[in-house]
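Open the model in your viewer and keep the sequence panel in sight. The tour below goes from selection to selection.

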Amino acid sequence: MARLFEPLQKPILSASAATNPLATSVMWTLGLCLMLCSIQYAQAESSGRILKWKDEKGVTHYGDSIPTQYINRESSLINRQGITVKHNKPAATQDNTVELAKIEYAKSEQAKKDKALLGAFTNVNEIDLALERNIQLDKIALENLQQEKANHQKNLIAKETMAASFEKRKKVTPKELKADIANEQEQIASLDEKIAARNTAISATRKRFDEDKKRYLLLKSQPGKETP
């Protein structure tokens, strides 16, 4: 194989030398690389087993065995005539297999969702109507909670006013009144948590339908995505 490069190396080196030092350096480097490849190829050929692989920099190597650090890289087995008789691709690792399975599952699930979305609505306005239907009960429940909270706040103000009158007259506030005040405060705190949860649910529903709306518009804009 080294003889194949000799006719090419001499005219290239002579031409480059006549131009500039940089070209000469480049050509000498190229020649050195070709020489190393030739040596590797000759050594492998003498052993009767020629393997071809690339390192992490993409440089091609020949030899009768592949270094340990390159075993999992793509390689080829070449016969004495220079014909590739076997091409080895790197085997997928367990982590890659699991990751690929997750990706395929996600694609499958997305395809199911897309099909259901396109089948459920005929236009984007129907998505807005569906949103309002889905949050209607939450909105009613939210209004009831807010009204209930307002009632407890009125009761609390009234009871705190009574307690203040006892203190103003320098009298001991009845234990029952103190207990009622504490109870009203607990009721209001509990209602605040329920109101926050209901608002969170409404926000989550709005976000879900907003994402469905964007996905629906995207699917409708792509040919072949519409269901019959």
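The stops run from the whole chain to the sheet, and then to a pair of helices.

**Whole chain**

Start with everything shown as a cartoon, and keep in mind that this is a predicted model. The protein chain contains five helices and four strands. Colour it from the N terminus onward, and the order along the sequence reads α-α-β-β-β-β-α-α-α. If you colour by accessibility instead, 20% of the 228 residues of the protein chain count as buried. For contacts between residues at least 6 apart in sequence, 49% join residues that are at least 24 apart.

**The sheet**

Now select the four strands together. They form an open sheet in the order E2-E1-E3-E4, with antiparallel pairing. Strand E2 (60–63) and E4 are the edge strands, each pairing on one side only. On average, neighbouring strands of this sheet are turned by 20° against each other, if direction is ignored.

Take the pairs in turn, beginning with E1 and E2. These two pair in the antiparallel sense over four bridges. For a landmark, select lysine 52, which stands opposite tyrosine 62 in E2. Then go to the hairpin of E1 and E2, where five residues lie between the strands. Within that hairpin, pick glycine 58, which takes a positive phi near 85°.

Next, show strand E1 (residues 50–54) with strand E3 (residues 75–78). The two run antiparallel and are joined by four bridges. Which residue of E3 does isoleucine 50 stand opposite? Isoleucine 50 faces isoleucine 78 across the pairing, in the sense that the two stand opposite each other. Further along, tryptophan 53 stands opposite serine 75 in E3.

The remaining pair is E3 with strand E4 (residues 84–88). Here too the sense is antiparallel, and the pairing extends over four bridges. Select leucine 77 to find lysine 86 of E4 opposite.

Before leaving the sheet, stop at serine 76, which has its place in strand E3. Is serine 76 buried or exposed? Its relative accessibility is 10%, so serine 76 counts as buried, the cut-off being under 20%. Show the residues in contact with serine 76, leaving aside neighbours within four places in sequence: they are Ile50, Leu51, Lys52, Thr84, Lys86 and His87. Of the names in that list, Lys52 was met opposite tyrosine 62, and Lys86 opposite leucine 77.

**Helices H4 and H5**

Hide the sheet and select helix H4 (residues 124–168) together with helix H5 (residues 175–221). Two packed helices are described by the angle between their axes and the distance between the axes. For H4 and H5 the angle is about 165°, and the axes are 8 Å apart. H4 is therefore roughly antiparallel to H5, as angles over 145 degrees count as such. The crossing of the two helices is left-handed. Colour the contact of H4 with H5 by residue type: its residues divide into 22 nonpolar, nine polar and 17 charged.

For a closer view of this contact, select isoleucine 202, placed in helix H5. At 9% relative accessibility, isoleucine 202 counts as buried. Which residues does isoleucine 202 touch, not counting those up to four places away in sequence? They are Ile135, Asp138, Lys139 and Leu142. Then draw a distance from isoleucine 202 to asparagine 134. From C-alpha to C-alpha the two are 8.8 Å apart in space, while 68 residues separate them in sequence.

**The loop between H4 and H5**

The last selection is lysine 170, in the loop between H4 and H5. Although lysine 170 is not a glycine, it has a positive phi of about 60°. Is lysine 170 buried or exposed? With a relative accessible area of 78%, lysine 170 is exposed. For the contrast, go back to isoleucine 202, which counts as buried at 9% relative accessibility.

Conventions. Residues are numbered from 1 along each chain as its sequence is written. This is a predicted model: local features need pLDDT of at least 70, side-chain atom pairs count only at pLDDT 80 or more; totals for chains, interfaces and linings use all residues. Side-chain values use heavy atoms; hydrogens and water are left out. Axes are lines fitted to C-alpha atoms, for helices over the stretch in contact, and angles run from 0 to 180 degrees between N-to-C directions. Angles under 35 degrees count as roughly parallel, over 145 as roughly antiparallel, 65 to 115 as roughly perpendicular and the rest as oblique. A crossing is left-handed if the near helix is turned anticlockwise from the far one by less than a right angle, and right-handed if clockwise. Ala, Val, Leu, Ile, Met, Phe, Trp, Tyr, Cys and Pro count as nonpolar, Asp, Glu, Lys and Arg as charged, and the others, Gly among them, as polar. Two strands pair if DSSP finds at least two bridges between them. Buried means under 20% relative accessible area, exposed over 50%, partly exposed in between (1.4 Å probe, protein chains only). Contact means heavy atoms within 4.5 Å.
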